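Hello,

Here is the structure I said I would pass on. My notes on what turned up in it follow below.

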Amino acid sequence: MLTQEQKYTLRDRLHSERRRILAHAADGLGFTMDRDRDRVGRDPMDESAEEWLYATELRIHDREKKLLTKIDEALDRLDEDLIDECEDCEESIGFPRLCARPVTTLCVECKERRETDEA
Ligand SMILES: [Zn+2]
């Protein structure tokens, strides 16, 4: 079981991570809107570099969207007092591991076992 203080720490971390992602997403949006489609005289190299950047932004957004979902789920688990419970074995995940990775749902052992299974 986590102490009240540990839960506050995790909540803090999840919220600041959330803010960081949203700020970054806003930056990405600015980048997209700044794309100057009417610029004349650019060479094809420029154009493909720009397309590549644009595609990269979209991919980042996709990954960040998934992370945001995970953060929201972690906050829900925190509210329900389940954040420290491993999804697989129902043992305690442990505060140090949650601190390093607040969105995790698995203890170290189960995480390693899943990775071995997947390999
Ligand atoms: Zn486990």
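**Overall layout**

Read from one end of the sequence to the other, the chain has the pattern α-α-α-α. In other words, there are 4 helices and 0 strands. Please keep in mind that this is a predicted model.

The chain has 119 residues, and 8% of them count as buried. Taking the contacts between residues at least 6 apart in sequence, 60% join residues at least 24 apart.

**The nonpolar core**

The largest nonpolar core has 7 residues in all: Leu10, Leu14, Ala74, Ile83, Ile93, Leu98 and Cys107. Of these core residues, I looked further at Leu14. Once its neighbours within four places in sequence are left aside, Leu14 is in contact with Ile71, Ala74, Leu75 and Pro102. Ala74 therefore appears both as a contact of Leu14 and as a member of that core, whose residues are buried and joined through C-beta atoms within 7 Å.

**The loop between H2 and H3**

The rest of my notes concern the loop between helix H2 (44-79) and helix H3 (95-100), where Asp81 is placed. Asp88 lies in the loop between H2 and H3, and Glu90 has its place there too.

Two of these residues have a backbone angle to look at. Asp81 is not a glycine, yet it has a positive phi of about 65 degrees. Glu90, also a residue other than glycine, has a positive phi near 65 degrees.

Are they buried or exposed? Asp81 has 11 C-beta neighbours inside 10 Å, and the cut-off for exposed is 12 or fewer, so Asp81 counts as exposed. Glu90 counts as exposed because it has 10 C-beta neighbours inside 10 Å.

Asp88 falls into another class: with 14 C-beta neighbours inside 10 Å, it counts as partly exposed. That count lies between the limit for exposed, 12 or fewer, and the limit for buried, 20 or more, which is why Asp88 gets the middle label.

What is Asp88 in contact with, leaving aside its neighbours within four places in sequence? The contacts are Leu106 and Cys110. Asp88 and Glu109 are 21 residues apart in sequence, and the distance between them in space is 9.8 Å, C-alpha to C-alpha.

If you open the model, the places to look at are the core around Leu14 and the loop residues Asp81, Asp88 and Glu90.

Regards

How values were computed:
Residues numbered from 1 in each chain as written. Predicted model: local features only at pLDDT ≥ 70, side-chain atom pairs only at ≥ 80, totals over all residues. Helix = DSSP H or I, 4+ residues; strand = E, 2+ residues; numbered from the N terminus. Contact = placed C-beta atoms within 7 Å.
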